[in-house]
Amino acid sequence: MNRGKRALTALHLILVWALMAAVVPALGLALVLAAWDGGPGATVVVLALGVPLALGLPTAASLPVRTVVPLCSSAPQRLGWAALVLLLGTLGVLAGLAAYGAGVGLRSAGTGIALAGVPYAVAAALFVPSRWVRLGALAVLATAVAYGAFVSPAQAQQRRHEAEVARYREKPELLYLGAAPPGMQVSRAEVGPASLSVECRPVREGDEVGYVGLTVRPPHTPALPCPEPADSRVACTVDAHGETRRVRDVPGGSREVTLARRL
């Protein structure tokens with residue numbers, strides 16, 4: 001690909017990104033408002049106006065590369081290319097919304113608007129007959145998947161943990177109890193002079209066997225150590241964060257696990 005074609009390709013991808021970044025958030029907001037206030041009729045009207053616009057703008061953005069991208073050489077082909085870009089890009093936007101709902105954070109609303117056009121630019125890049133452009137698009141796609149599936153959820157979990165710790169420190173005289181483990185529900189609660197204890201059992205008692213007893217109280221000073229001398233029937237460990245874990249075998253083949261965590 002010579003320098004002129006590289007410039008046309010860059011202009012083409014920038015146009016696709018900019019146009020779709022402007023149209024997709026506005027169309028999404030219009031759909032939400034129409035469904036919220038106007039009912040099915042208003043939603044149909046928004047789709048009838050928005051879909052042709054969302055097809056027409058990528059078609060216009062394909063004009064600079066009609067001699068570079070084979071699918072953009074004629075008007076019918078450009079329309080089919082725009083439909084493919086719209087479909088693939090919308091799938092990418094939906095995946096991004098699902099990741100956002102699962103806790104992937106955005107720094108600002110402007111970042112979200114700018115990112116809305118990226119899936120369409122990546123989809124358009126996949127149709128450019130250049131190995132390096134396609135490899136770049138695949139690299140962007142792989143980065144987005146890795147960030148949405150692994151990096152950002154871990155960061156969101158860390159932010160939630162920091163927010164919880166900040167809440168504990170704001171009012172240290174209060175005791176906070178977290179949610180019940182998945183598949184379990186609180187069956188008994190007891191408030192003591194300086195502690196809060198709950199018992200959790202499976203939601204479907206007949207299908208699953210399990211029990212969780214949780215006690216929240218002010219931290220011990222010093223931290224709880226493992227018993228000395230060690231008990232051969234109890235496995236006790238203390239990790240680098242001071243969390244004490246004791247596992248004891250009980251009759252019937254079950255195990256009793258006791259965790260002491262300092263927040």
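What share of the 263 residues in the chain is buried?

1. Buried residues make up 22% of the chain, which has 263 residues. The model discussed here is a predicted one, and the points below should be read with that in mind.

2. As to the overall layout, the secondary structure comes to five helices and six strands, and the order along the sequence is α-α-α-α-α-β-β-β-β-β-β, with the helices preceding the strands.

3. The helix α2 has 27 residues, which at 1.5 Å a residue should span 39 Å, and because its end C-alpha atoms lie 38 Å apart, the expected and modelled values agree. Its buried residues are R78, W81, A82, V85, L86, G89, V93 and A99, a list that includes an arginine, R78, and a tryptophan, W81. An α-helix has 3.6 residues a turn, so residues three or four places apart point the same way.

4. The helix α4 is largely enclosed by the rest of the structure, because seven of its nine residues are buried. The buried residues of α4 are P119, Y120, A121, V122, A123, A124 and A125.

5. The helix α5 has 40 residues, for which a span of 58 Å is expected at 1.5 Å a residue, and the 56 Å between its end C-alpha atoms agrees with this. The same helix, α5, nevertheless bends by about 45 degrees at Y147, and a colleague inspecting the model may wish to look at that residue. The buried residues of α5 are V133, A137, S152, A156, V165 and Y168.

6. The second largest pocket has a volume of about 1600 Å³, and of the 49 residues that line this pocket, those closest to its centre are G92, V93, G96, L97 and L115. One of these, V93, also appears among the buried residues of α2. At least two lining residues come from each of α1 (3-61), α2 (75-101), α3 (109-116), α4 (118-126) and α5 (131-170). By class, the lining of the second largest pocket comprises 34 nonpolar, 13 polar and two charged residues.

7. On the cysteines, the structure holds zero disulfides. Two cysteines can be described by their burial: C72 has a relative accessible area of 0% and is therefore buried, the cut-off being under 20%, while C200, with a relative accessible area of 4%, is buried by that cut-off as well.

Key:
Residues numbered from 1 in each chain as written. Predicted model: local features only at pLDDT ≥ 70, side-chain atom pairs only at ≥ 80, totals over all residues. Heavy atoms only, no water. 1 Å grid on protein atoms, 1.4 Å probe; cavity = no way out; pocket = protein on both sides within 12 Å on 5 of 7 lines; lining within 4 Å. Points joined across faces, edges and corners; volume = space filled by probe spheres on them. Helix = DSSP H or I, 4+ residues; strand = E, 2+ residues; numbered from the N terminus. Nonpolar A, V, L, I, M, F, W, Y, C, P; charged D, E, K, R; others polar. Expected span 1.5 Å × (residues − 1). Bend = angle between axes of the 7 residues up to and from the residue. Buried < 20%, exposed > 50% of the residue type's maximum accessible area, 1.4 Å probe, protein only. Disulfide = S-S within 2.5 Å.
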